[in-house]
Structure formats: C-alpha cells, structure tokens
Amino acid sequence: MLVSAKEMLTKAKAGHYAVGQFNINNLEWTKAVLLTAEELKSPVILGVSEGAGKYMCGYKTVVGMVEGMIECLGITVPVALHLDHGSYDGCMACIEAGFSSVMFDGSHYPIEENIAKTKELIAITAEKGMSLEAEVGSIGGEEDGVIGAGECADPAECKMIADLGVTMLAAGIGNIHGKYPENWAGLSFETLDAIQQQTGDMPLVLHGGTGIPADMIQKAISLGVSKINVNTECQISFAEATRKYIEEGKDLQGKGFDPRKLLAPGVEAIKATVKEKMELFGSVGKA
C-alpha cells in the first residue's frame, strides 16, 4: 500500500536522518529500489519525472506496477510514490492516477504565482491524504528537460511557501542535477541554515544528491534536510553494469541476449547504489 511521505519525513526531521528518493524509469529499477529498502528496513520514496511517466505508458501504469510489486514482493516498509518536478497539470494527473505524493515545481514562476498555485494543490492533496512538495529557487543543471542555474533561494520566500502548509520544501542552495563540475562552489550552508531558521520543523529537500561529498550530505542533514533525491548515480551504475555485461558477451549464443539476464547486472548495481545512499542518509532500520 502506498503512503504519504508526511509521516516518514516528520520522523526523519526529528531523528536527524534523511529518507532517500530514488527515481524510477522501468520495472527493473523499481524492483531494485523496493527490494533494497525492504532488506535495509528503510522507508523510501519512488520518484517519477513527467518524462519517465510518459515512457512507462502513463501514471496509471506506474501506479499499477508499483502497487503490484509491493504486494507480490511482500514489501512491508513505507513506500511513497512521488511526482518529481511536476507541473500543475502533471500534479493533477498524478493525483487522479493514484500517486501518494506530488511535487509542484513553481520555482520558475514569480513568487505570487508560485504561492497561488501551491495553495490550490495544498487543498486538493490534503483532502486526499497526500503529501506535497514545493520548490523555491531553481535547482541547477538539467533533468528531464527541467533546467535551473543553481540559485540560492530567498529564506523569506521559503517561509512564505512553508507557511501555506506544504509537507516538504525544496530550496535551492547551490545544488544541481546531474554530475557536479570540477569548479562547483559547493552547497551554501549559510543559505540552508537561514532557511531552516525561517521554516522551523518543515522537512527540507535536497535535490541533486549524486556527487555531493558525504561530509556535505551529513552537514545538510544536520541543518534540516530530511529528503535527498538520487537519480543520476543510479543511471550511471545501471548503464555501466549493462555495458560491461554486453562487452563480456556471456549471454550471446547466436540468439542475442536474454533481456532478463542482460538487465540483471544493472539491477544489482542499482541495489548497491541505493544501499550506499541509504546508509549515508542514516535511514537504515527506520521503517
């Protein structure tokens, strides 16, 4: 059964650890994340971008796949299915399809419009018992067509959004999607600290978790980050494991590759990545 992310993130904030959001793109990725979360007894958030939702034949298909896996794999840990960087229309579609959580990325709107659209979605998600993530200050890099310059959010604007009653808040603190360049200045902990002071017990979200040094991750958690998103690192580990399997040619017997065997190394690679991140975030055993 899918659950709202509210309870797991409230516990994470109070317990000074973070819940991992791992974006999914197909059956294999979903299975890998769910099995690892169950093994480690860690709550988990499955992230779905609008592009990935289309690739997987629509949000209803994604809901059916995830709910079927939870039942058939005997998953007992809390699992939230969350729209990542959603538009207003994308949020509405996921609400209709049966997601348990959505993110409305209104960071590209003027703050007044971001507030107005967020308020509308708060009323809808609250009625349905769903969690809602909002964003202030765009995240740098590019993910699924969403591009940001790595802004540092205005703490006062963060408070304005937090006070509306959202479940969690993503605030730009110099983080980016994808690989971090060599000249990256690092996270702005001064900004993060100011945002936490303005937002109090609100769980904060760190996007672009791939490539951020462990000590920065742990300091961000100490300053109120309760949810950390990981996508690129899973993509890389999956691709590299699959490429290696093909190059070794173990399964080629004149018929081509058995897709189940071909994708198996990628699944194991994602499991290892997810396990490493859950241990770093401190969520192991917190289900």
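**Exercise 1. Find the residue just after helix α1 that takes a positive phi, and describe the helix before it.**

Step 1. Just after α1, the residue His 16 takes a positive phi of about 60°; helices here are DSSP runs of H or I with at least four residues, strands are runs of E with at least two, and both are numbered from the N terminus. The model is a predicted one, in which local features need pLDDT of at least 70 and side-chain atom pairs count only at pLDDT 80 or more, while totals for chains, interfaces and linings use all residues. Residues are numbered from 1 along each chain as its sequence is written, and side-chain values use heavy atoms, with hydrogens and water left out.

Step 2. Helix α1 spans residues 6-15, and Met 8, Leu 9, Ala 12 and Lys 13 are buried in it, where buried means under 20% relative accessible area, exposed means over 50%, and partly exposed lies in between (1.4 Å probe, protein chains only). These buried residues are on the same side of α1, because they cover an arc of only 135° around the axis, the arc being that of the directions from the helix axis to the C-beta atoms.

Step 3. On the face of α1 turned away from its buried side sit the exposed residues Lys 6, Glu 7 and Ala 14. The buried residues of α1 pack against several elements, among them β1 (19-23), β2 (44-49) and β10 (225-230), with contact meaning heavy atoms within 4.5 Å.

**Exercise 2. Work out which elements line the largest pocket, and place Thr 167 in the structure.**

Step 1. The largest pocket holds about 240 Å³ of space. On a 1 Å grid over the protein atoms alone, a pocket is an open set of points with protein on both sides within 12 Å along at least five of seven lines, a cavity is a set where a 1.4 Å probe fits but cannot get out, and lining residues have an atom within 4 Å of a point. Grid points are joined across faces, edges and corners, and a volume is the space filled by probe spheres set on the points.

Step 2. The pocket is lined by 16 residues, of which Lys 6, Ser 131, Gly 165, Val 166 and Thr 167 are the closest to its centre. Two or more lining residues come from each of α1, α6 (111-128) and β5 (131-136), and α6 gives the most, with 3 residues.

Step 3. Thr 167 lies in the loop between α7 (155-162) and β8, and this residue counts as buried because its relative accessible area is 13%. Beyond its neighbours within four places in sequence, Thr 167 is in contact with Lys 6, Ser 131, Leu 132, Met 202 and Pro 203.

**Exercise 3. Identify the buried residues of α7 and the elements they pack against.**

Step 1. In α7, the buried residues are Cys 158, Ile 161 and Ala 162. Seen down the axis of α7, they fall within an arc of 95°, so they line one face of the helix.

Step 2. The buried residues of α7 pack against α6, β5, β8 and α8.

**Exercise 4. Describe the second largest cavity.**

Step 1. A search of the whole structure finds 2 cavities of 30 Å³ or more, and the second largest cavity has a volume of about 30 Å³.

Step 2. Its lining consists of Leu 169, Ala 171, Ile 173, Leu 192, Leu 204, Val 205 and Val 225, and at least two of the lining residues come from each of β8 and β9 (204-206).
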